[in-house]
2 protein chains.
Amino acid sequence: MSDPLVLFMPSGKRGRFARGTTVLEAARQLGVYVESVCGGRATCGRCQIEVQEGHFAKHKIVSSNDHISPKGAKEERYERVRGLPAGRRLSCSATIEGDLVVDVPQDVVINAQVVRKKASDRVIARNPAIRLCYVEVDEPDMHAPLGDLDRLRVALQRDWRYDRLDIDFALVGQVQAILRAGKWAVTAAIHKDRDDGPATIVALWPGLHNEAFGIACDIGSTTIAMHLVSLLSGRIAASAGAQNPQIRFGEDLMSRVSYVMMNPDGREAMTVAVRQAVNGLVDKVCAEAGAERTDILDGVFVGNPVMHHLFLGIDPTELGGAPFALAASGALAFKASEIGIAANPGARVYVLPCIAGHVGADAAAATLSEGPYRQDRMMLLVDVGTNAEIVLGNAARTVACSSPTGPAFEGAEISGGQRAAPGAIERVRIDPATLEPRFRIIGVEPWSDEPGFAEAMAAVGVTGICGSGIIEIIAGMYLAGIISEDGVIDGSLAARSPRIVENGRTFSYLLREDGPRIAVTQNDVRAIQLAKAALYAGVKLLMQKQGVSEVDTIRFAGAFGSFIDPKYAMVLGLIPDCDLAEVKAVGNAAGDGALMALLNRDHRREIEDTVRRIEKIETALEPDFQQLFVNAMALPNKADPFPKLASQVTLPPRKALAEGESGGRRGGRRR
Amino acid sequence: MSDPLVLFMPSGKRGRFARGTTVLEAARQLGVYVESVCGGRATCGRCQIEVQEGHFAKHKIVSSNDHISPKGAKEERYERVRGLPAGRRLSCSATIEGDLVVDVPQDVVINAQVVRKKASDRVIARNPAIRLCYVEVDEPDMHAPLGDLDRLRVALQRDWRYDRLDIDFALVGQVQAILRAGKWAVTAAIHKDRDDGPATIVALWPGLHNEAFGIACDIGSTTIAMHLVSLLSGRIAASAGAQNPQIRFGEDLMSRVSYVMMNPDGREAMTVAVRQAVNGLVDKVCAEAGAERTDILDGVFVGNPVMHHLFLGIDPTELGGAPFALAASGALAFKASEIGIAANPGARVYVLPCIAGHVGADAAAATLSEGPYRQDRMMLLVDVGTNAEIVLGNAARTVACSSPTGPAFEGAEISGGQRAAPGAIERVRIDPATLEPRFRIIGVEPWSDEPGFAEAMAAVGVTGICGSGIIEIIAGMYLAGIISEDGVIDGSLAARSPRIVENGRTFSYLLREDGPRIAVTQNDVRAIQLAKAALYAGVKLLMQKQGVSEVDTIRFAGAFGSFIDPKYAMVLGLIPDCDLAEVKAVGNAAGDGALMALLNRDHRREIEDTVRRIEKIETALEPDFQQLFVNAMALPNKADPFPKLASQVTLPPRKALAEGESGGRRGGRRR
């Protein structure tokens, strides 16, 4: 009779094991990550699994709860004292007695992997850089006068196979008291970021300590977003966001860099501000989750290069002009206390690498999250901010650049523009026959022509147009024939509609007159054309580098991408022609990438390698960029057909675009 | 024609190299340590060598300055600008053109090895944990947007073969400015403590930085001694000592432990005090050497277990009672800033391992310095303080213990005792015929019966007897027949000499009546007997463990050992019988060991391995210790013959020692 076959789900890893082997041991041997803090003593409850019952024909296994040992005394004690959900077993106690299909549960309390029901539907295996290890340490012995710390090391070597353990100096003086408080049983937090790197004792608690958290944080120019995650279960315990307080020093990146250049203590002030905000968010997520700051042992931070530098206390001035030299581009690792993050005193921090001077750790994190390099189709990943960060690639090759879109997409430089906030127009439709608009504002459910709008709107007012509204209104104006493909507002329509009004030598489209007057001017159209041309030219440049004339799939990362309708973005020519079903908003992909790097240290190596291999394109150095930019001024584009878009949307007939209307040089501009 | 043969002295390493190979490259290939900061650019001058001229028959080499290339432009420029001593060459520029005997000079300015003209006459090869590495870093390039730090890493990998370099976080924000200040040429200090361990950039200077210092420090209960050493040449730039300010909290170790137990902030106060004293010494050695604190990049500290703990900020209470548990026994490494040592912010610290609860890092350092385990003869290494730390061994096996000698050897618990200071009697001779003493006091050149004594003595007075004086006077009393081998002062001699005076039920030997009355009482003799019995019993226990009846050589480490006469120590029976020529005082062997660990990281591994292998004997647990102690009360000893001593000194005839005179149990006493 051969040894029983055991199949672990969802990883699909399988192997044969002698009867009597614990399920935990089998998982370890197969490299299936099953958490365990107590080291098999049936006290931490972190190693729970479920047996799937039935005949799994595909795998040629008949699995049954009869094929696992009955609960022993220790497991029954755990169930009695701590409770065990129905069907759950402690894998450190349950032994293999026949063929088994074992499920490593993905639930919020105990799981080994985080399932992200997102664009990619990928499963993230966990392998955090921090592990909690419970040990029972030998008592002092005059015959073998090893120190307390040294006997702790012996125990960690014996039970957890850590061969050469460093220790944070701050703990050296505490080991003595903690060992005695725990009656020689303690839980050590071990930081080990790479298989061939050092392992360090970074925290120590008396007795069994059964929780450890990490924070994943995306520091944006406008907002800072943070997740608090259990490193032991992968569960997101709390999430919070806050405005980046650096906004008071300057709205956009370049104005913050200028602030540093003009104020001797400007860098320090902004560093202090962002760190305070991060600490505020730590307070917030801890309060929400009922967690202790001292249980936070790891953190991953991402941000664009200027945010990255200011957060780390590095002068960003060099990023303000060519050659846009990063002070540090590679991943960085250090202690949270070194940047004033109040967590466990031994907590570690990891910062993802930056790709280039304008393509930051946030873009690297989004790349890690969406993984163009992990699949074969040509994926375009775009994160639109003041600079658009653009990544294009597949498993064979990945290229990246940034393009100076300026702040128009964020509502700046637009006459009626504003940040996305209640009262801002976010969606717009224009009737091609009457040229009348209908719209929706943030914070109000009904559209402007639906019942109840006036009442609901009264509370917030209509205050302006946010980025997604601007995309839709200008795309709508184009589809309604109000503006030509070269972006000129057709003044002759003033005869047909009171919405078209003269405004000096050009015309405007009047959206609303009740309350603050909101109109789209010829200048507004030009600003959006410039912004979208910069983005499209960047995309096109990368497509040239890749030698492709179309992309298979498009991912919009970031807040901007979450609100715009892909159809209008494509009508406007922000993005290249593509099957609209393949254009997806992926939300805070940078935050997701940070989370991945937090939960699995292998993802750190993965993105470090990927960033090294990404070909970095500097648009300012590319002779073709100017022409691509000029071509991209047209709606949707002068040079490229949009056959896939045209098959889904009725586009106005194409006309020639006058060269003189291109809006001048923009390639060198950085905002 | 075969390749030229090159022999390096003093290491004796040799090999054949193609003509045109630089001498530095040949040294590297043979593993001969020749310093170089500039990496072969002929600017730092650290790689100087000399060619020995002549026919070296033993090595079959005819060496000549004609066999080395003439000075090239770079070397001539260095000579012109910086100067080059006659006969010296820069090994990075001079190439091998024929057979050579190359001397790596040992002088104070530029050398590769430190010769210690001491007991062992050993040569310490240098291989410090800190290296200075000059590099020229690529300027920023938009086509390859690596960060400043990352290009620095590339340069250090390219020129110095550091593959994966960490960096102290505090430097991350400074790299940018330092690279620009140095016009892309910088010197990095790299800390790498073990071949298979991490390498870290700990300091960075613009341009060529051509000096790095380390401190070696022995923290004694009474005094703290420090050397400032150039890590680039091995030269001791300055040495200084200071009283340990913890004395104000308690004279001896146990009283300091008691102070901690009785005062809530006692530990902190003593930690602050000793660190302040160490910082004071750093100031002193820097001032003496004209060195900058920021050039101090490494430090090695040793001390007995209580000093070790207090210096590191660890509560020493556990060391005050069985099982005498050390908080940490293994070697420790951390940053100097973590213990408040004001050196370069990136400076590192290494603390040698402790051997056992009463055998500290100072004993480990003395063991490293004297190296019983490096030779075949049975070496006894004794460091006498309040506890005697005793190591006995050879290459095959080493054992160690401590023995509670108490403070009698330091002049405490002795009626006329005092610390070694001007006015203290340090040497004594007693005429066997007249029983009259002659003596010498510290600070006065003539003996008491020599011309000029009275005048010279008047300035200081005769204030008491120090440790070495006590040894000599009691040994002298024994040799003169004043005390029996069982330690009883013979009252019948009062009839013969006014020096023997009645003192209640016992007698005293009156040494001096002018000024303060100084006498040796029966209690004083008993106190010394107890102390010496503890020491001898410890030695004897280790000899039993080794299965030897005699030792080949004896090393007295520490201040006490430096002043006593081995003959009288042996007459008294402090140490076992041995050829007196083989008994040597080795001074501050602990400080020497610290120096070795500072200059060569391999010595750190050596002593860590040695300490692991040393068999630790706890006298309190040894059933034989009591009997050995009782036997050792006699002068020189009840159980052992001293044939080698007897052949060099006329000892009184032996008598039986009454068991009842043994002085009671002492084994458990710890001071």
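Helix H11 (residues 467-479) of chain A lies across strands S23 and S25 of chain A, running at about 15° to S23(A). Keep in mind that this is a predicted model. The sheet beneath that description is an open one of 3 strands, ordered S24-S23-S25 in chain A, and its pairing is mixed. Strand S24 (437-441) and strand S25 (464-465) of chain A each have a single partner strand and stand at the edges, so one side of each is left without a neighbour in the sheet. Strand S23 (residues 424-430) of chain A pairs with S25(A) in the parallel sense over 2 bridges. If you would like to find this pairing in the viewer, look for Ala424(A), whose bridge partner in S25(A) is Gly464(A).

Chain A has another open sheet to explore, with 6 strands in the order S16-S15-S14-S17-S19-S18 and mixed pairing. Here strand S16 (236-243) and S18 of chain A take the edge positions with a single partner strand each, so one side of each has no neighbour in the sheet. From one strand to the next, the twist averages 15°. Within this sheet, strand S14 (residues 213-219) and strand S17 (residues 296-303) of chain A are paired in the parallel sense over 7 bridges. One of the pairs to look for is Asp218(A) with its bridge partner Val302(A) in S17(A). A helix lies across this sheet too: H8 (residues 305-312) of chain A crosses S14, S17 and strand S19 (348-351), running at about 140° to S17(A).

Now to helices that pack on helices. Two such pairs are set side by side here.

| Helix pair | Angle | Axis separation | Residues in the contact, by class |
|---|---|---|---|
| H9(A) (361-370) and H15(A) (589-599) | about 75° | 7 Å | 8 nonpolar, 2 polar, 3 charged |
| H6(B) (253-262) and H7(B) (266-289) | about 130° | 7 Å | 4 nonpolar, 1 polar, 2 charged |

With an angle of about 75°, H9(A) is roughly perpendicular to H15(A). On the H9(A) side the contact includes Leu368(A) and Glu370(A), while Met596(A) and Asp592(A) are among the residues of H15(A) that take part. In chain B, the angle of about 130° makes H6(B) oblique to H7(B). That contact is made by Arg256(B), Tyr259(B), Val260(B) and Met262(B) of H6(B), together with Gly266(B), Arg267(B) and Met270(B) of H7(B).

Stepping back to the whole chain, the domain assignment divides chain A into domain 1 (5-111), domain 2 (130-206), domain 3 (213-351), domain 4 (368-407 + 527-662) and domain 5 (408-526). The centres of domain 1 and domain 4 of chain A, taken over C-alpha atoms, are separated by 45 Å.

Finally, how do the two chains meet? A turn of 180° and a shift of 0.1 Å along the axis lay chain A on chain B with an RMSD of 0.2 Å. The copies are therefore related as by a two-fold rotation axis. Pro198(A) is the residue of chain A that comes closest to this axis, at 3.8 Å for its C-alpha. Both copies use the same surface, with 100% of the contact residues of chain A recurring in chain B.

In the contact itself, 38 residues of chain A touch 38 residues of chain B. Helix H3 (148-160), helix H4 (169-172), helix H5 (175-181) and strand S18 (332-335) of chain A each supply at least two residues to the side of chain A that touches chain B. H3(A) gives the largest share, 3 residues. By class, this side of chain A has 22 nonpolar, 8 polar and 8 charged residues.

Methods:
Residues are numbered from 1 along each chain as its sequence is written. Chains are lettered from A and ligands numbered from 1 in the order in which they are written. This is a predicted model: local features need pLDDT of at least 70, side-chain atom pairs count only at pLDDT 80 or more; totals for chains, interfaces and linings use all residues. Axes are lines fitted to C-alpha atoms, for helices over the stretch in contact, and angles run from 0 to 180 degrees between N-to-C directions. Angles under 35 degrees count as roughly parallel, over 145 as roughly antiparallel, 65 to 115 as roughly perpendicular and the rest as oblique. Two residues are in contact if their C-beta atoms, placed from the backbone, lie within 7 Å. Ala, Val, Leu, Ile, Met, Phe, Trp, Tyr, Cys and Pro count as nonpolar, Asp, Glu, Lys and Arg as charged, and the others, Gly among them, as polar. Domain bounds come from an automatic or database domain assignment. Copies are superposed by least squares on the C-alpha atoms of residues with pLDDT of at least 70 in both. Two strands pair if DSSP finds at least two bridges between them.
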